[in-house]
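Visitor: Could you take me through one part of this model in some detail? I'd like the cut-offs spelled out as you go.

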Amino acid sequence: MAGVQVANVSRSFGAHKALDDVSIDFADGGFYALLGPSGSGKTTLLRQIAGFDFPDSGRIAIGGESVERVPVEKRRIGMVFQNYALFPNMSVADNIAFGLSVRGEPKATIAAEVQRALDLVQLGKLGGRKPHQLSGGQRQRVALARAIVTKPRVLLLDEPLGALDKALRVDMQIELKRIQREIGITTIFVTHDQEEALTMSDRIGILRDGRLVQEGPPEEIYDRPQSEFAATFLGDANIFHGNATGSGIRLPDGTTIAASTGASVPAGAKASCAVRPERIRISPGAAKPDPANVNTLTGQVSKRIFAGNNSTYFVDRFGQTLKVIVQNTGAERLAEGQPVVLSWSPDSTVLIAA
Amino acid sequence: MADQLAIGSRRGLKPALPLLLPAYLWLTVAIFLPLSAMVFFSFMTDLPLAGKEWSFTLGNYAAFFSQSLYSTLLFSSLRLGLEVTLWCVVVGYPAAYVLAKVLKGRSREAIFLLVILPFWSNGLVRIFSWAMVLREGGILDTALNAVLPFKINIDLMYSYPAVIIGLVHSYVPYMVLTCYLTLQAIDDSLIEAGRSLGASRRQVLWRVIIPLSMPGLIAGAALIFVPVVGSFMEPRILGGRTGTFYGTIIEDQFVAVFNWPLGAALSFILLAVVLIILALAAPVLRRAA
């Protein structure tokens, strides 16, 4: 096992900068998600770490050893591909044995290791099957077993759950996490699914247009996004634009919003605030505002979406539509068209420099 | 649900008949009938033309077994078929690999065109242009002597290598096309998966790519081996005196000696031998594919 250091890595394809000076430290044994929209460079970064492609500049180290010019077959990595990439001409056991067999391990060792890997992914009896006889989830497990049986230093996963349906995906998330903990391998996971990134990883790196936007534990990125992009890409957020006052921002209509977390922006400069929809309290227009929730706005419910355990209200206010999520506690539900008061605490408000 | 089942059960040979009929009608008229006539001829003593006397006989088939010349020639034709097929693999497979996995866009189209070109040129023209290249004082001889500091004589014309060269040139497109199709169907991520597991490019080639392209190699080999065993044009023109093979003997019976019954009998023996070889190879080939 080993950590991975990516330092100032850039890679261009013609005029397109796929990676632009990206530096991330992947800690030993950690579970790391690279999150970003398509074209953000997350897969390019994974391919640089794997060794399928070499960076134009910058350094990549695995376990302290520089590898940026080492070809993939010498890097001792394990990779799970989006389409699993199982060898269709080989049985499940032969697929898993491939990495040990090209290394020239004795047959008895291979058989034992393959069986152990099959047991780890709970496919103990399916070694004789061909990949086309397996379900999507089973193929996923085979791909994982094949990637880890060689005891790689790093496990790289390229949107491995993208092809599975939702229920199976949740199962596999738990399963993948369990196996990762069990063998303690440094894992780098590329995904465009923010929920997957939040639930599975110790740390998340958000990429956009080849640049690292923000990096840190999921809670930190969710609670203290440093950019509008990070705020809206990871989770939902209401964004207010205005000018910094020193303790928050002033909206163009004069309303002030107090913020006690986030960046410090000099008064007068352009800034914005992000508030998560579940942090906002919504109450009927006549109700008294809660004194703890300093930030107060009035508006009108334009739409309500009932989703069982919660409801999402869309509240119109001077042309801006704000989103509020309310847990289903059995309290009175608000009707569309009803005037409402929105209130939230400065602690729930993140100041973002423009 | 019930409706769907009804539709499902109606699916059978009947709706397919209008689609199958033209092809099978054509095959019956154009291939089956003449071939049947040939089977008939092969059991006759002479052609029933100009009121000649004829009767049924097994003599034409017996001739094959009584004269060692025929089996010797058949054997050398089988060897020729095997060698040409092997050379087609050696030449065609790497070309197919580059076409399928390395080249992209316009350069792929251009190279593809060059591979297909022999298909579109007349067979005789192709063979005679090889004759111009291979003969003494021909293009190859002149070109090599212009470059090399010492005098050498390249006269490949009327030799076994000339026959091989001509046949490989004629048939290599089959190998390129069939291998190209299977290679293109191999997902690049399989190659990457192999390498991520520590396999060198060569190991990936032997353990992943070649096994997965076996169906193309086998299809190409079958498409090449069978006609080459019966070929007569290339051996006759490029092989000269050395170019006597089973195919040229059959051709002689039809165009020179006018012994159609013997020619027909020899053809069917060839067909039988080829079928037996393919049948014997089938289990091995099926496992490989």
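Guide: Here is a close look at one chain, with its cysteines at the end.

A bit of bookkeeping before the tour. This is a predicted model, where local features need pLDDT of at least 70, side-chain atom pairs count only at pLDDT 80 or more, and totals for chains, interfaces and linings use all residues. Residues are numbered from 1 along each chain as its sequence is written, chains are lettered from A and ligands numbered from 1 in the order in which they are written, and side-chain values use heavy atoms, with hydrogens and water left out.

Let's go to chain B. Its secondary structure comes to 14 helices and 0 strands; helices (H or I, at least four residues) and strands (E, at least two) are DSSP runs, numbered from the N terminus. Reading along the sequence, you get α-α-α-α-α-α-α-α-α-α-α-α-α-α. Chain B is more spread out than a compact globule, because its radius of gyration is 24 Å, well over the 19 Å from the globule rule for 289 residues. That radius is taken over C-alpha atoms, and the rule is 2.2 Å times the number of residues to the power 0.38. Along its principal axes, the C-alpha trace of chain B spans about 85 × 75 × 30 Å.

What about contacts and surface? Of the contacts in chain B with a separation of 6 or more, 64% are between residues 24 or more positions apart, a contact being heavy atoms within 4.5 Å. Buried residues are 38% of the 289 in chain B; buried means under 20% relative accessible area, exposed over 50%, and partly exposed in between (1.4 Å probe, protein chains only). The accessible surface of chain B is about 16700 Å², with 72% of it on carbon and sulfur atoms. Those areas come from the Shrake-Rupley method with a 1.4 Å probe, and for residues only the protein chains shown count as cover. As for charge, chain B has 20 positive and 14 negative charges, whose mean positions are 10 Å apart. Lys and Arg count as positive, Asp and Glu as negative, while His and the chain ends are not counted; each charge sits at NZ of Lys, CZ of Arg, CG of Asp or CD of Glu.

Now the cysteines. Over all chains there are 0 disulfides, a disulfide being a pair of cysteine sulfur atoms within 2.5 Å. For Cys88(B), the closest cysteine sulfur belongs to Cys179(B) and is 10 Å off, so that is too far for a bond. Cys88(B) is buried, at 0% relative accessibility, and Cys179(B) is buried with a relative accessible area of 0%.
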